[in-house]
Amino acid sequence: MTKIKTLLIEDSGLMRIMISDALRADPEIEVIGTANNGHEGVEKVRDMRPDVVITDMLMPKYDGLYAVKNIMSKTPIPIILLSSLDRANSEVFDALNAGAFDFIDKPQTKDAVEFKSALRSLKEKIKIASGMDASVLGQKGSKSNHHEHTFDGILSYQILVIGASTGGPSAIEAVVSKLPENLAIPVVVIQHMPERFLISYAERLRSLLPL
């Protein structure tokens, strides 16, 4: 079985060791290298060509957003974000819009149970991301639809419900940004994500959309 070649970008030496060791314990994943900031990560992606990149969002000088923008513009590869950003910070969604595949809460070593749970989630996302077409991820990003629309007659439905999980935030954004401004029915979005990101995600949608 061909292993998933993975590159980890993380400024904490301890976290690099702990996450790398946990990933290497999975028979389907191979950690081919690590980097301690976004700039070094971009260079190693160019040289090593991993199948999946994992990057911390918060790093000095060259952060995760820098890594995502440069990797996706030069050598598109599925990227998973590790985020410990404040709940009001929408930068993780900027990274998703720039082409990142998905994100999880950064594993915290102070709670062994939560740490193991976060790593299980990370491994699952790595395996899903490895099957993605990175060129499609690089085409994310859309502008809100501000053209006038008029509905004639009565719609045959009363509500629009959209549900998503892995890779969903930017997909949801792409869909709802194309909805007409005068949509006459409510839209309900069900998105699986860590609770502390919900406020910034809702605020992001509110600021981008005419609805």
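These are my notebook entries on a sheet, two helix pairs and two buried charged residues in a predicted model.

**Entry 1: the sheet**

I started with the strand order. The open sheet has 5 strands, arranged β2-β1-β3-β4-β5, and the pairing is parallel. I then asked which strands stand at the edges. They are β2 (29-35) and β5 (102-105); each has a single partner strand, so one side of each lacks a neighbour in the sheet. I noted the twist as well: on average, neighbouring strands are turned by 25 degrees against each other, direction ignored.

Next I looked up one pairing inside the sheet. Strand β1 (residues 4-9) pairs with strand β3 (residues 52-56) in the parallel sense, over 4 bridges. In this pairing I found Thr-6 opposite Val-52 of β3.

**Entry 2: helices on the sheet**

I checked what α1 and α2 touch. Helix α1 (residues 13-24) packs on the sheet and touches β1, β2, β3 and β4 (79-83). The direction of α1 makes about 165 degrees with that of β2. Helix α2 also packs on the sheet, where it touches β1, β2 and β3. For α2 I noted an angle of about 130 degrees between its direction and that of β2.

**Entry 3: α2 against α3**

I moved on to the contact of α2 with α3. The axes of α2 (residues 38-48) and α3 (residues 64-74) come within 8 Å, crossing at roughly 25 degrees. Angles under 35 degrees count as roughly parallel, and α2 and α3 are therefore roughly parallel to each other. Their crossing is right-handed.

I listed the residues that meet. From α2 they are Gly-38, His-39, Val-42 and Val-45, and from α3 they are Tyr-66, Ala-67, Asn-70 and Ile-71. By class I have 5 nonpolar and 3 polar residues in this contact, with no charged ones.

**Entry 4: α7 against α8**

I then looked up a second helix pair. Helix α7 (residues 168-176) and helix α8 (residues 198-208) have axes that come within 11 Å and cross at roughly 25 degrees. By the cut-off of 35 degrees, α7 and α8 are therefore roughly parallel to each other. The crossing of α7 past α8 is right-handed.

On the α7 side the contact is made by Gly-168, Pro-169, Ile-172, Glu-173 and Val-176, and on the α8 side by Tyr-201, Arg-204, Leu-205 and Leu-208. I have 6 nonpolar, 1 polar and 2 charged residues for this contact.

**Entry 5: Arg-204**

Is Arg-204 buried or exposed? Its place is in helix α8. Its relative accessible area is 11%, and buried means under 20%, so Arg-204 is buried. I looked up what Arg-204 touches, not counting residues up to four places away in sequence: Phe-93, Asp-94, Asn-97 and Glu-173. Glu-173 belongs to the α7 side of the contact with α8.

**Entry 6: Lys-123**

I did the lookup for Lys-123, found in helix α5 (residues 112-129). Lys-123 has a relative accessible area of 19% and is therefore buried. Which residues is Lys-123 in contact with, leaving aside neighbours within four places in sequence? They are Ala-22, Leu-23, Asp-26 and Ile-29. Among them, Ala-22 and Leu-23 lie in the range of α1, and Ile-29 in that of β2.

Finally I took one distance from Lys-123. Lys-74 is 49 residues away along the chain, and the C-alpha atoms of Lys-123 and Lys-74 are separated by 25 Å.

Terms used:
Residues numbered from 1 in each chain as written. Predicted model: local features only at pLDDT ≥ 70, side-chain atom pairs only at ≥ 80, totals over all residues. Heavy atoms only, no water. Axes fitted to C-alpha atoms, helices over the stretch in contact; angles between N-to-C directions. Helix = DSSP H or I, 4+ residues; strand = E, 2+ residues; numbered from the N terminus. Parallel < 35°, antiparallel > 145°, perpendicular 65-115°, else oblique. Left-handed = near helix turned anticlockwise from the far one by under 90°. Contact = heavy atoms within 4.5 Å. Nonpolar A, V, L, I, M, F, W, Y, C, P; charged D, E, K, R; others polar. Pairing = 2+ DSSP bridges. Buried < 20%, exposed > 50% of the residue type's maximum accessible area, 1.4 Å probe, protein only.
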